[in-house]
Amino acid sequence: VDPTDVFKYIEYRVSVNDKYRYFAVARQKVSANCKLVEPNLKEIYAQLVEDGYCSAIEAEYLMTKELEIEAELCVPRHSMLAILKDCLAGGKKVFIVSDTYLRKKDFKILMDKIGLGSYHHLSCTQYPLNIDLNN
């Protein structure tokens, strides 16, 4: 399974054809303009609008649907979830680092869905990891 397969599924679910083939192009454009960080989902959809592939209203709708479908398809690895919960119960600090283009608030929804609402720090790739590991 390729991570980009989700885009084909989203196209199927929301009945739009060919919008997501432009997604990779938009992501590359936004990435080229980012400094030291990766683009987030909102920036990628804004690029689709700027390039004329969809309207702002359509982009907002597609982004909302994509986030809903991502949450629907999100399945926890129960063995890892158990380890993380054991660490938290034992007073250990848990740091979550995501390499997705989801914003922190979007990723937090996924963490809450799988039952990992508690952790010490969440870092997504578009934000630098500037935390004090001693606190």
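Tyrosine 12 has a relative accessibility of 64%, so it counts as exposed. Its place is in helix α1, which covers residues 5-14. In this predicted model, the tyrosine also belongs to a nonpolar patch on the surface, where Tyr9, Tyr12 and Leu73 together offer about 330 Å² of accessible area.

The rest of α1 puts that tyrosine in context. Val6, Phe7, Ile10, Glu11 and Val14 are the buried residues here. Looking down the axis of α1, these buried residues fit within an arc of 145 degrees, so they line one face of the helix. Turned away from that buried side is a face carrying the exposed residues Lys8 and Tyr12. The spacing fits a simple rule: an α-helix has 3.6 residues a turn, so residues three or four places apart point the same way. As for what the buried residues of α1 pack against, the partners are α2 (23-33) and α4 (56-73). Just past the end of α1, serine 15 adopts a positive phi of about 55 degrees.

Zooming out, the protein chain is built from six helices and two strands, and reading along the sequence gives the pattern α-α-α-α-α-β-α-β. Of the 135 residues in the protein chain, 34% are buried. Contacts between residues at least 6 apart in sequence often span a good stretch of the chain, with 59% of them joining residues at least 24 apart. On the outside, the protein chain exposes about 8,600 Å², and 56% of that comes from carbon and sulfur atoms.

Then there is the inside. The largest nonpolar core counts 29 residues, and those with the most contacts inside it are Phe23, Leu41, Tyr45, Ile96, Tyr101, Met111 and Leu116. Two or more core residues come from each of α1, α2, α3 (41-50), α4, α5 (78-89) and α6 (104-113). The most generous of these is α4, which gives five residues. Leucine 41 shows what the packing looks like at one position: apart from neighbours within four places in sequence, leucine 41 is in contact with Phe23, Met63, Glu66, Leu67, Tyr101 and Leu102.

Charged pairs come next, and a search of the whole structure turns up five salt bridges. One of them joins lysine 29 to aspartate 51, with the closest N and O atoms 3.1 Å apart. Lysine 29 sits in helix α2 and aspartate 51 in the loop between α3 and α4, so this pair ties together parts 22 residues apart in sequence. Both partners are partly exposed, lysine 29 at 38% relative accessibility and aspartate 51 with a relative accessible area of 24%.

Another salt bridge brings together the side chains of lysine 42 and glutamate 60, at 3.7 Å from N to O. This pair links distant parts of the chain, since lysine 42 is in helix α3 and glutamate 60 in helix α4, 18 residues apart. Lysine 42 is partly exposed at 41% relative accessibility, and glutamate 60 is likewise partly exposed, at 38%.

A further salt bridge stays within one helix: aspartate 112 pairs with lysine 108, the closest N and O atoms lying 3.1 Å apart. The two residues are four apart in helix α6, which means that about one helical turn separates them. Aspartate 112 is partly exposed, with a relative accessible area of 41%, and lysine 108 counts as partly exposed at 33% relative accessibility.

Technical notes:
Residues are numbered from 1 along each chain as its sequence is written. This is a predicted model: local features need pLDDT of at least 70, side-chain atom pairs count only at pLDDT 80 or more; totals for chains, interfaces and linings use all residues. Side-chain values use heavy atoms; hydrogens and water are left out. Patches are made of residues with over 30% relative accessible area and no salt bridge: like charges are joined within 9 Å, nonpolar side chains (Val, Leu, Ile, Met, Phe, Trp, Tyr) within 5 Å. Accessible areas come from the Shrake-Rupley method with a 1.4 Å probe; for residues, only the protein chains shown count as cover. A salt bridge is a side-chain nitrogen of Lys or Arg within 4 Å of a carboxyl oxygen of Asp or Glu. Buried means under 20% relative accessible area, exposed over 50%, partly exposed in between (1.4 Å probe, protein chains only). The arc is that of the directions from the helix axis to the C-beta atoms. Contact means heavy atoms within 4.5 Å. A nonpolar core is a set of buried Ala, Val, Leu, Ile, Met, Phe, Trp, Tyr and Cys residues joined through side-chain atoms within 4.5 Å.
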